[in-house]
Each structure stands twice: as structure tokens, then as C-alpha cells.
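Subject: Structure handed over, with notes on what was found

Dear colleague,

Here is the structure I promised to pass on to you. Please have a look at it first, and then read the notes that follow.

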Amino acid sequence: MLELAASLLTPVAGPITHPVTDDHPALDIACRNGAEVRAAHDGLGKPSWDNRLGWTFVLQGERGLRSSYSHLKQALPQGPYKRGDVIGLCGNTGSWSSGTHLHFAMEPTGNLQNFTSFAPPLPEDQRLAKKEPVLLTRIKNLGIHVDRLERCGLGNELAAYNRAAQRLCLVQTLDANPGLFETVVTHETVHVIQDCLGGLQTSQAKSIAGHLKTQGGFSDTTIAKFFDQNLRDKNQVSQATASLTADQSQLEFEAYALQHQGALVASLLNSRCPLAPRGQSSASKP
């Protein structure tokens, strides 16, 4: 068995984000979206889909050796594979995946201890840094469903909020850029706040500017100055709103103006989008 373990191949390069434990008999390895995942040993391989593990490739070898590679973006067809053959691409599929990585399991599990060529586990502070933005967690708590997909529209949109269905789509590639991820989530959170102002039980949305005027008593001049001083790229906004109606343009303008104001947006979310009582979803519609 020692001779066999020594011949096993590392399936993908990357830091171990979750080591082998009693309740997690596998290695989680962070990897680039679309990175090639290779067979750790010879065997007969077969792809399958699981709602929790996503695309999984199982490789059955000799002498009881078996390995599985989960959360793949793509898995290759059934057939014989040699050690080092590409068997799939690293991805983020399945409900148990919160970021692009490979869930790599083996039987016997002890063989995983021989994969010393992996980078060392991430320090705890780096693990915390990889968690999803706080605003995204708060949005989920409102009952809004979050989809992590390869695409969120017909173009190169990074995100899209469907107000009527109360679903937020975020592209998977945002995981590779935490700063942009935070900005995009903050932008979409503004749209959620606008939805709350119109009523989460409806498909209506109201502008934050209108709310500040009617409920806060602020003048049009004061409100316009507030948004203008937070807007960083007016050309980007002009392009994004060129084909929108006046009302739609205002909603989008506010999202761009506040997308770098995470603390302010969090405060607005907490005050304008109260959580539903336990056991009652705020996303339910008649």
C-alpha cells in the first residue's frame, strides 16, 4: 500500500481550504475556475450529478482504490483513464459549494495523507477572508434566493436581481476577485432595498431618493448632491442606463452611486428591510 500511495498524483494544484476530519473525509482544494483536474490513479471513470456535490467524477481503480472529484464545472465521459489524464474542470457546482474548489475524496481515506505536494492549509484569517460578503448573507436571510451561475444574462453582466421572483444571480467568476465581489453585492443590495421600499410582497420598487424626500423631508437639491458626491464613474452610469426608462434609470443610478458605500447600504438594508419573524419567509408571495 505504501508503494501505491507514493504513486498517486495530485489532481489539481491549490491550497487546502478544508483538511480531512471525521465528518469531512475528503480534502477541499481551492483552484482556479476551469482549471484542469487530473486522475490521481488509473481506473474506470464515470461522471454523475448530485444536487449537493454537483458534477462528480468517480474513478474506480484496482485493489479497492477509489477516488471522487466533486463540484466540477465539467466532467468527462465514462471510460478508462490513466494516472494524469484530465477527468474534468474545477468549478463551483452543487448546493454544498460556496466557492470554486475541488472536493477530493479517496478510499481508503488514509491515502489522502500522502498528498504532501499540496500547498499548506490556509491560515484562519485567510479562510475568513474567503467567506461571502456580509450583505449577501443578510439578503439570503430575507428569503431572497441567490444563484451562482456561469452567466447572469445574455451579455457580460456580473449580476442580476429579479424583483418579481426575488432571485439574485451572481456570476461564479466573482469568487476570484473579492473586492469586485463586494462591490457587486453592494450594488445589488441597493436594488433589494428599493424592492423593500416598494414592498417585498409585490413586484414594485421605489427609489431611495423618493423615500428620502417623502419620509425624510430632504429637498431635491440635497438628495441630488448626496448621490452625486458618491458617484465615481458617470460615464459608466450613462452607458448602463441609456436604454432604460426614467424610473428605471433612477433605480440604477442609485445602485451605482452607493455601490462603494457598504456601511451605509448595510444600515439602509437593516432599517428598510426588516427580517420576517422566525418561520415566516419575507419572500413569500400570495
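Helices in these notes are DSSP runs of H or I with at least four residues, strands are runs of E with at least two, and both are numbered from the N terminus. Please keep in mind throughout that this is a predicted model.

In outline, the protein has 286 residues, of which 44% count as buried, and its secondary structure comes to 9 helices and 12 strands. Among the contacts with a separation of 6 or more, 61% are accounted for by residues that are 24 or more positions apart.

I begin with the second largest pocket, whose volume is about 750 Å³. Its lining is made up of 21 residues, and those closest to the centre of the pocket are Ala159, His187, Glu188, Glu252 and Tyr256. Four elements, namely strand 11 (159-162), helix 4 (178-198), helix 7 (234-241) and helix 8 (246-258), each contribute at least two residues to this lining, and helix 4 gives the most, with 6 residues. Sorted by class, the lining holds 10 nonpolar, 7 polar and 4 charged residues.

Strand 11 also belongs to an open sheet of 3 strands, in the order 10-12-11 and with mixed pairing. Strand 10 (145-149) and strand 11 are the edge strands, each of them pairing on one side only, and neighbouring strands of this sheet are turned against each other by 15 degrees on average, if direction is ignored. Strand 11 and strand 12 (residues 167-171) run antiparallel and are joined by 4 bridges; within this pair, alanine 160 has cysteine 169 of strand 12 as its bridge partner. Helix 4, already met in the lining of the pocket, lies across strand 10, strand 11 and strand 12, and runs at about 15 degrees to strand 11.

The next part of the model that I looked at is strand 6 and its surroundings. Strand 6 has 7 of its 10 residues buried, so it is largely enclosed by the rest of the structure. Strand 5 (residues 54-60) pairs with strand 6 in the antiparallel sense over 5 bridges, and valine 58 stands opposite serine 68 of strand 6. Serine 68 also has a bridge partner in strand 9, namely alanine 105, and strand 6 and strand 9 (residues 101-107) are antiparallel and joined by 5 bridges. A further antiparallel pairing, of 3 bridges, joins strand 6 to strand 8 (residues 86-90); here glutamine 74 stands opposite leucine 89, while leucine 72 has cysteine 90 as its bridge partner. Strand 8 is in turn joined by 3 bridges to strand 3 (residues 36-38), again running antiparallel, with valine 37 opposite glycine 88.

Two residues of strand 6 deserve a separate word. Is lysine 73 buried or exposed? Lysine 73, which is found in strand 6, falls between the two and is partly exposed, because its relative accessible area is 28%, whereas buried would require a value under 20% and exposed a value over 50%. Leaving aside neighbours within four places in sequence, lysine 73 is in contact with Asn33, Gly34, Trp55, Leu89, Cys90, Gly91, Thr93 and Glu150. As for glutamate 150, it lies 77 residues away from lysine 73 along the chain, and the C-alpha atoms of the two are separated by 9.3 Å. Histidine 71, also in strand 6, counts as buried at 2% relative accessibility, and its phi is near 70 degrees, a positive value in a residue other than glycine.

That leads to the backbone geometry, for which the usual background is that most residues other than glycine have a negative phi and most peptide bonds are trans. Besides histidine 71, a positive phi, near 55 degrees, is found at arginine 63, which sits in the hairpin of strand 5 and strand 6, where 5 residues lie between the strands. Arginine 63 is exposed, with a relative accessible area of 65%. Finally, the peptide bond from glutamate 107 to proline 108 is cis, with omega near 0 degrees, and proline 108 has its place in the loop between strand 9 and helix 2 (124-129).

With best regards

Definitions and conventions
Residues are numbered from 1 along each chain as its sequence is written. This is a predicted model: local features need pLDDT of at least 70, side-chain atom pairs count only at pLDDT 80 or more; totals for chains, interfaces and linings use all residues. Side-chain values use heavy atoms; hydrogens and water are left out. On a 1 Å grid over the protein atoms alone, a cavity is a set of points where a 1.4 Å probe fits but cannot get out, and a pocket is an open set with protein on both sides within 12 Å along at least five of seven lines; lining residues have an atom within 4 Å of a point. Grid points are joined across faces, edges and corners, and a volume is the space filled by probe spheres set on the points. Ala, Val, Leu, Ile, Met, Phe, Trp, Tyr, Cys and Pro count as nonpolar, Asp, Glu, Lys and Arg as charged, and the others, Gly among them, as polar. Two strands pair if DSSP finds at least two bridges between them. Axes are lines fitted to C-alpha atoms, for helices over the stretch in contact, and angles run from 0 to 180 degrees between N-to-C directions. Contact means heavy atoms within 4.5 Å. Buried means under 20% relative accessible area, exposed over 50%, partly exposed in between (1.4 Å probe, protein chains only).
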